[in-house]
Amino acid sequence: MGMEPAHRGAGRELRLHLVTWNVGTASPPPDVSSLLQLDSLGPTMDMYVIGLQEVNSKITNFLSDLAFDDPWSIFFMTVLSPLGYIKLSSVRMQGLLLLIFVKHVHLPFIRDLHTQFTRTGLYGYWGNKGGVTIRMSLYGHTVCFMNCHLPAHMENTEQRLDDFEKILEMQFEGENIPSALEHDVLFWFGDLNFRIADYGIHFVRESINNKRYNLLWEKDQLNMAKKKEAFLQEFIEGPLHFKPTYKFDLHSDVYDTSEKKRKPAWTDRILWRVKNLCQHAPKEGEFSEEQQTISVTLNNYVSHMSYGISDHKPVTGTFGLELKPLVSEPLVTLNPEGEWSAEHDVLINYSAVPEFPSSAWDWIGLFKVTFRHVNDYVTYSWVEDDEISSNKGGKQVYMSAAEIPDAGGEFLLCFYSNNLQSIVGISQPFQIQPNRTLIGKELPQEENSWMQRPDNLESHDEF
């Protein structure tokens, strides 16, 4: 699986790209290459975390599975799945949407995925403010992502802080899941709506025009609150070396020219908190490297001025997560047996570690290499029902020829655990040969098969 670290005892670095963007009910733009740094020459990202606010919640068909119906989810899946990223998880609460994409190779090492949402609507604005959260165990380390939309307006600092505290107190449903602040790493981001206090609009705009952002930092309400509020002092933020990201005229980089003439503000922010650093601040030299099994480095914290679909500019943080894997073996290893084609039934070999909590509802899916999410299989086998042999070395499961795509192509196999509600094993990509019995005939166009699907997949969406 290419999981070996470079040298023994070494950690591995995961590259994480985090986006926050208040999209102001707009449709997705034509291109997000620069937003996602798809053209950058450096190493590719391992994980994309995309937090949106003010997603248009009116266009959804409430009868369907929202996760697959929302234009922004579909848009990012369309961009990222050809590049080898799968949508790992998503959670939505009206205008708030949080999406996480990962490279296939990491799937077996991501466990205990849970999502949650917290409403903090003010004065009857029900559910339009609050937070959506996804947590997971990543190579054995607990990581939590929290996308928030806090109340607007200059005078509401206290309400913003109260709402954030309320969101921090939310509990995940399930046994033994730590609270947000108990995770090894917590990322907090979104349209946090903090403003620049005291200074008048003329001074603020002059400072921005002269790129003297540091003149405004000390009057940024979040920076001011961090000095006073103990629970905020543990959160780290990179330097604000970019223009305030609100409020712009649409499709421009000109600040608000409407009658309201809003004062520019750094409303859109990305912060993080590492648990070990908070417990006790050791004196120089006391802290042995051994204790620190996960560390977070911010490599880039920028806004993206070229996007003009809303009155906010998107902000991205690119991070390195250096971690010592506490989990380095997949629970299940699997591979296709022999050459595959639709001319005959085919076999899958798999073996599980002894402690794997198997279930009668586990299944193995056949996926195109560009699959978008766990439901995006071509066909599947029930692991127990379709088993044909079992011995110490492993088990064999068959897949019917009728379900194998005649056109062939590049595919992979994933083992889905019902008890763990996640993919616990993934094969290397492999070729399926075209069906030679059909050569000369027209190969059928692919259809969506309407076969009974495993219904042990939860949908995580809220209206």
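Two strands count as paired when DSSP finds at least two bridges between them, and that rule will guide much of this tour of a predicted model.

Begin with the whole protein chain, which holds seven helices and 23 strands. Of its 463 residues, 53% count as buried, and the chain exposes about 21,300 Å², of which carbon and sulfur atoms supply 49%.

Next, select strand S20, residues 409-417, where seven of the nine residues are buried, so the strand is largely enclosed by the rest of the structure. Add strand S16, residues 363-368, and you will see that S16 and S20 pair in the antiparallel sense over six bridges; within this pairing, Phe367 has Leu412 of S20 as its bridge partner.

Keep S20 in view and select strand S22, residues 430-433, which pairs with S20 in the antiparallel sense over three bridges, with Phe430 in S22 as the bridge partner of Phe411. Then turn to strand S21, residues 422-426, whose antiparallel pairing with S20 runs over four bridges, and find Ile423 in S21, the bridge partner of Tyr416. S20 and S21 form a hairpin with four residues between the strands, and in this hairpin Gln421 takes a positive phi near 50 degrees.

Finally, move to Pro178, in the loop between helix H2 (157-168) and strand S8 (185-191). Is Pro178 buried or exposed? Its relative accessibility is 18%, and because buried means under 20%, Pro178 counts as buried. Leaving aside neighbours within four places in sequence, select Arg135, Phe172 and His183, with which Pro178 is in contact. Cys144 is 34 residues from Pro178 in sequence, and their C-alpha atoms are 9.9 Å apart in space.

Note on methods. Residues numbered from 1 in each chain as written. Predicted model: local features only at pLDDT ≥ 70, side-chain atom pairs only at ≥ 80, totals over all residues. Heavy atoms only, no water. Helix = DSSP H or I, 4+ residues; strand = E, 2+ residues; numbered from the N terminus. Buried < 20%, exposed > 50% of the residue type's maximum accessible area, 1.4 Å probe, protein only. Areas by Shrake-Rupley, 256 points an atom, 1.4 Å probe, with all protein chains shown as cover. Contact = heavy atoms within 4.5 Å.
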